[in-house]
Amino acid sequence: MFGGLFMAGGQEVPQILHKLFFLCLLPPIVLDAGYFLPIEPLLENLGRVLLFGFVGSIWNALFVGGILYGVCKIGTGSTVLTNTGLLQCLLFGSITSAVDSAAVFEKIQMKEILHILLFGESILSDAVAVVLYRLYQEFYVTASVTFLKIFLGVIAFSLAGLGGILVGSCYGILTAYTTRFTSNTGIVEPLVVFSYWNMAYLSAEMFNLSGIIA
């Protein structure tokens, strides 16, 4: 609707920079999802959530990118498609790999185990998609992919996830310790949670770690 208004007025449609999205628009969405995530069922089904969230999202990205690359190489008479490289297809695959199934089933009554699997997977798949997107983008900018770069990319991918867990754990402990002294001033507690959550996200992003996991 807004795009149509811009076109009708003859104005140029403003571009949303990805840095603006990652630093300003994405964090509140992540906070909402993480804050209402039921921790106990998540820990009980952690293995399955990690399987769907990490392995499933990586498979999604590679499968979509690979199929798209195959379709481009079949040849449809379009030079744009035939000139599309594998990295471009993988980049697109990483963007579409994060499926937000939790949003679809949020209002439907379902068993707790199904709810936590969908909810946990949707959060982790977002984190995997962002890290994969940045990794493929780095490969695309350098315009050359070697086995050494792939190996370093796998290490960077692992470090982004583990580093995000470490940063998030540190700020979680800090938040728990701080809120011990705010029991008589309840009005301050939301501000403490909001501040530490934002610092956890920004601290992780500053070191190219996964701010979503943090």
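Asn208 is exposed, with a relative accessible area of 63%. In this predicted model, Asn208 sits in the segment that follows α10. Its phi is near 60 degrees, a positive value in a residue other than glycine. Most residues other than glycine have a negative phi.

The protein holds ten helices and zero strands. Read from the N terminus, the order of elements is α-α-α-α-α-α-α-α-α-α. Along the principal axes, the C-alpha atoms fill a box of roughly 70 × 50 × 40 Å. The chain counts 214 residues, of which 31% are buried. Among contacts with a separation of 6 or more, 71% join residues 24 or more positions apart.

Helix α10 contains Ala204. Ala204 has 0% relative accessibility and therefore counts as buried, the limit being under 20%. Beyond its neighbours within four places in sequence, Ala204 is in contact with Val167, Leu209, Ser210, Gly211 and Ala214. One of these contacts, Val167, is itself a buried residue of α9. Pro14 lies 190 residues from Ala204 along the chain, and the two C-alpha atoms are separated by 28 Å.

Pocket analysis comes next. Empty space is revealed by rolling a probe the size of a water molecule over the atoms. The largest pocket has a volume of about 1200 Å³. Its lining comprises 40 residues, and those closest to the pocket centre are Gly34, Gly168, Ile212, Ile213 and Ala214. Two or more lining residues come from each of α2 (18-35), α3 (39-44), α4 (46-74), α8 (112-142), α9 (147-178) and α10 (189-206). Helix α9 gives the most, with twelve residues. The lining has 30 nonpolar residues and ten polar ones. No charged residue takes part in the lining.

Helix α9 was then examined for its geometry. Its 32 residues should span 46 Å at 1.5 Å a residue. The end C-alpha atoms are 46 Å apart, so the span agrees with the expected value. The buried residues of α9 are Gly153, Phe157, Ala160, Gly161, Gly163, Gly164, Val167, Gly168, Tyr171 and Thr175. They pack against α4, α8 and α10. Gly168 appears both among these buried residues and among the residues closest to the centre of the largest pocket.

Thr175 belongs to helix α9. Its relative accessible area is 16%, and Thr175 is therefore buried, as the limit is under 20%. Leaving out residues up to four places away in sequence, Thr175 touches Val193 and Tyr196.

Aromatic contacts were searched over the whole structure, and four aromatic pairs were found. In one of them, the ring centres of Tyr177 and Phe181 are 5.2 Å apart. Their planes stand at 75 degrees, so the pair is edge-to-face; the class requires an angle over 60. Tyr177 is partly exposed, at 47% relative accessibility. Phe181, in contrast, is exposed, with a relative accessible area of 57%. The cut-off for exposed is over 50%, which means that the two residues of the pair are classed apart.

Helix α6 (residues 86-96) has Cys89, Leu90, Leu91, Gly93 and Ser94 as its buried residues. Their cover includes α4 and α8. Ala129 is placed in helix α8. At 8% relative accessibility, Ala129 counts as buried. Ala129 touches Ser94, Ser97 and Ala98, not counting residues up to four places away in sequence. Of these, Ser94 is also one of the buried residues of α6. Ala129 and Ile95 are 34 residues apart in sequence. In space, their C-alpha atoms are 6.1 Å apart.

Terms used
Residues numbered from 1 in each chain as written. Predicted model: local features only at pLDDT ≥ 70, side-chain atom pairs only at ≥ 80, totals over all residues. Heavy atoms only, no water. Phe/Tyr/Trp six-rings, centres within 6.5 Å; stacked < 30°, edge-to-face > 60°. Buried < 20%, exposed > 50% of the residue type's maximum accessible area, 1.4 Å probe, protein only. 1 Å grid on protein atoms, 1.4 Å probe; cavity = no way out; pocket = protein on both sides within 12 Å on 5 of 7 lines; lining within 4 Å. Points joined across faces, edges and corners; volume = space filled by probe spheres on them. Helix = DSSP H or I, 4+ residues; strand = E, 2+ residues; numbered from the N terminus. Nonpolar A, V, L, I, M, F, W, Y, C, P; charged D, E, K, R; others polar. Expected span 1.5 Å × (residues − 1). Contact = heavy atoms within 4.5 Å.
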